[in-house]
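Here is a brief report on a metal site and the strands around it. Have the sequence and the model open while you read.

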Amino acid sequence: MGNDNISIKTPEDIAKMRVAGRLAAEVLEMVTEHVEAGISTGELDRICHDYIVNTQKAIPAPLNYKGFPKSVCTSVNHVICHGIPDDSKVLKKGDILNIDVTVIKDGYHGDTSKMFIIGPPKPHVERLIKVTQECMYKGIEQALPGNHIGDIGHVIQQHAESNHYSVVREYCGHGIGLVFHEDPQILHYGRPGTGTEIREGMTFTVEPMINAGKRHNKLLADGWTVVTKDRKLSAQWEHTILVTRDGPEVLTKRSDEALPF
Ligand code: MF3
Ligand code: CO
Ligand code: CO
């Protein structure tokens, strides 16, 4: 788990990471209009699968990854992450949903997720989702050469906890490239100046999982679905980023995002 296993991407790698990242973002853009009350997460999975395979000529990375049975993760309400799409899980007014998309194009991975609210949002729900996205952006802002991985975790933890939310510790961001999950681990909590030094040419995800209640979680018997122990809501956003000399470049940026990076 040392520094030594962290791949620094070449210009050729980076060109392909940009393509993979754009495709992953485009899946989320495409699926957005389908997310509404009455549709099942199983149907959303099929829509994403068919678009990735038939239109993008890419590969949905989750499918058969360590035995995961579907092409995207769909995490509803108190599900923190790795929810399995299911035809019997029909979205209803008031639900919140994370869709997590990872595509492989030309061997390279792009990994990104966003939150959806079904129907008119309640203020406390909208706030959790907004603060979680801010956590991700604040973390991304720290992805500068010379900074440390702990700087990312620190600002995320600070923002979440100052809003009386908690940070999930057992799941984290990750290096990404030819391999889906590679070094380094990007913890979403930590202390400034600690951990691996961030260097130009690294590509990794920032994907904070923020709970409205306590941080504790459990894995369901399906071996994948992670839920909050207190059954309170959890939110997550994810981007894949490249560290450049000038700062972070978001490889999975969507057209609905106005970002300085
Ligand atoms: N996309 C998830 C991540 O952000 C990983 C999903 S693995 C799966 O790292 F097998 F559950 F799909
Ligand atoms: Co990821
Ligand atoms: Co992901």
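The text below covers the metal site, then a strand pair.

**The metal site**

This is a predicted model. The cobalt ion (ligand 2) takes protein donors from Asp-111 (OD), His-174 (NE2), Glu-207 (OE) and Glu-238 (OE). They lie 2.0 to 2.2 Å from the ion. In sequence, the spacing of these donor residues reads D-x62-H-x32-E-x30-E. Six donor atoms surround the cobalt ion (ligand 2), and the angles they subtend run from 51 to 160°. The arrangement is therefore irregular, since six donors count as octahedral only if opposite ones are over 155 degrees apart and all others fall between 65 and 115.

Asp-111 also reaches a second metal. This residue bridges the cobalt ion (ligand 2) and the cobalt ion (ligand 3), and the two ions lie 3.3 Å apart.

His-174 sits in strand β7 (residues 173–175), while Glu-207 sits in the loop between β9 (203–206) and β10 (209–211). The pair therefore ties together parts that are 33 residues apart in sequence. Both residues fall below the 20% cut-off for buried.

| Residue | Relative accessibility | Class |
|---|---|---|
| His-174 | 5% | buried |
| Glu-207 | 7% | buried |

**The strand pair**

Strand β5 (residues 108–117) is mostly covered, with nine of its 10 residues buried. Strand β4 (residues 96–105) runs antiparallel to β5, and 10 bridges join them. Ile-96 stands opposite Ile-117 in β5. The hairpin of β4 and β5 has two residues between the strands. There, Asp-106 takes a positive phi near 55°.

Methods: Residues numbered from 1 in each chain as written. Chains lettered and ligands numbered in written order. Predicted model: local features only at pLDDT ≥ 70, side-chain atom pairs only at ≥ 80, totals over all residues. Heavy atoms only, no water. Donors = N, O, S within 2.8 Å, 3.2 Å for Na, K, Ca; no water. Tetrahedral: all angles 85-135°; square planar, octahedral: opposite > 155°, others 65-115°. Helix = DSSP H or I, 4+ residues; strand = E, 2+ residues; numbered from the N terminus. Buried < 20%, exposed > 50% of the residue type's maximum accessible area, 1.4 Å probe, protein only. Pairing = 2+ DSSP bridges.
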